[in-house]
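Good morning, colleagues. Please take a moment with the sequence and the model on the screen before I begin.

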Amino acid sequence: MDQITFHYDTVLSDVHMLLPNAHHLMTRLNRVGQPVFISKFKILWDNEGRDICELTSAGAGEGSDSIQKEGRKGDEERTEAGVEEGDDRVVDPVLDEDGDLEVIRRPRKNPPECHDRDKVCPIILSQSSAMLEEEEEEEEEDEDNQCFRDIIKIEHTMATPLEDVGKQVWRGAFLLADFILSQPAMFRGATVLELGAGTGLTSIVMGTVAKMVYCTDVGEDLLSMCQRNVTLNRHLLEPAAGGEVRVRHLDWLQHDLTTDSDVEFSWTEEEVADVHDNTSFIIAADVCYDDDLTDGFFRTLYRLCSNFSQPCTTYLSIEKRMNFTLRHMDISCDAYDHFHHCLCQLQAMEDGRSRFQLELVPATFPQHLHYERLEQLELWKLTAAPLQFNQAQSE
């Protein structure tokens, strides 16, 4: 993936393009024939992020020392060949018997007999099937015991059309994951609902502290990928609290949760009751990039919060993307402006059912994942409480 081919209708996340030392391993083709890659993201604990910066600086210094050593070594070889430093004499080129220039190359050292490099074998990729996915999931479960608790493995695609951007990993998901990892006591033992989960990275991180996480999105292929990522990272889920992540279908354009047992990733009646009675947090990472989807998202958010039996807090991460538009003949952030307009509308709404309070969370919490935390990344907190609950509290 050193050279990435773009088409006029494709979008590529900066996470995949700028991730340091990124060697994205292509693993398979999904059900619609798109290449699927797997990447590993390390969770940085305590001061490890700062240590990495120090190691990078140290590595740069070591690189300079090695260059100097190579230079001195080259000077010594030139001296052994009879060429003194500062000697400006013209040396006749060495020609072979045909008159061609003969290049004298430095002899290579013999490679060590024992080395850690694995043999590269060709892999024939085939389009995924249900049976193949089940076999791979069983193999992945066997490997879970050998995985470290600080590595998140995520399957994703790259350079997708706009309607498939949920199959990529975005910086907004990292920002929200950082906040979760910096506030474990807040989410410990909670029931959490994620809207527009995409690859499921944020739900997986939430599963390290929460009791139950409902990871929702639309599209059979996307939900299958999300389920595979949950399976890949089962070793991270909170064992003490019985942490569990369930992948479910939730369409923002529908009014009810799908309970049809014939539909894959549908809800059970018990799960629907659990969501309405016990959900205390809703999370969403970078889901507002299209005005129609943003409208559908806020309608769904309002409907859910109004039907919950207890107050609910929503955390929304978003990246303010700037684009030059011919309509304005200037740089604008149309998607972000519409998102902020919907936020303000929700806060000002008075329908006699719920009350919403809005707050911008300062991005001063520690960074636990390796990415570029831009100033355009924002985290919003939206607190919703039924009015009857507020009246009971005041009485």
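I shall go from the overall fold to the central topic of today, the salt bridges.

Please bear in mind throughout that this is a predicted model. The protein chain has 395 residues, and 42% of them count as buried. Eleven helices and 14 strands make up its secondary structure. Of the contacts between residues at least 6 apart in sequence, 74% join residues at least 24 apart. The accessible surface amounts to about 23600 Å², and carbon and sulfur atoms account for 50% of that area.

Let me turn to the sheet. Seven strands form an open sheet with mixed pairing, in the order β8-β7-β6-β9-β10-β14-β13. Its edges are β8, residues 244–249, and β13, residues 354–361, each of which pairs on one side only. From one strand to the next, the twist averages 20 degrees. At the β8 edge, strand β7, residues 212–217, runs parallel to β8 and is joined to it by six bridges. One bridge partnership there is that of V213 with V245 in β8. Helix α10, residues 334–348, packs on this sheet and touches β10, β13 and β14. The direction of α10 makes about 20 degrees with that of β14.

Now to the charged side chains. How many salt bridges does the structure hold? The count is 16, and I have chosen three pairs and one network.

In the first pair, R28 meets E155, with the closest N and O atoms 2.9 Å apart. R28 belongs to strand β2 and E155 to strand β4, so this salt bridge ties together parts that are 127 residues apart in sequence. Are these two residues buried or exposed? Both R28 and E155 are buried.

The second pair is D221 and K167, whose side chains form a salt bridge at 2.9 Å, N to O. Because D221 sits in helix α7 and K167 in the loop between β5 and α4, the pair connects parts 54 residues apart in sequence. D221 and K167 are likewise both buried.

The third pair returns us to an edge strand of the sheet. E271 forms a salt bridge with R246, again with 2.9 Å between the closest N and O atoms. E271 lies in helix α8 and R246 in strand β8, 25 residues apart. Here E271 is buried, with a relative accessible area of 4%, whereas R246 is partly exposed, at 25%.

Finally, the network: salt bridges link D14, R171, D286, E319, R321 and E372.

Definitions and conventions:
Residues are numbered from 1 along each chain as its sequence is written. This is a predicted model: local features need pLDDT of at least 70, side-chain atom pairs count only at pLDDT 80 or more; totals for chains, interfaces and linings use all residues. Side-chain values use heavy atoms; hydrogens and water are left out. Helices (H or I, at least four residues) and strands (E, at least two) are DSSP runs, numbered from the N terminus. Buried means under 20% relative accessible area, exposed over 50%, partly exposed in between (1.4 Å probe, protein chains only). Contact means heavy atoms within 4.5 Å. Accessible areas come from the Shrake-Rupley method with a 1.4 Å probe; for residues, only the protein chains shown count as cover. Two strands pair if DSSP finds at least two bridges between them. Axes are lines fitted to C-alpha atoms, for helices over the stretch in contact, and angles run from 0 to 180 degrees between N-to-C directions. A salt bridge is a side-chain nitrogen of Lys or Arg within 4 Å of a carboxyl oxygen of Asp or Glu.
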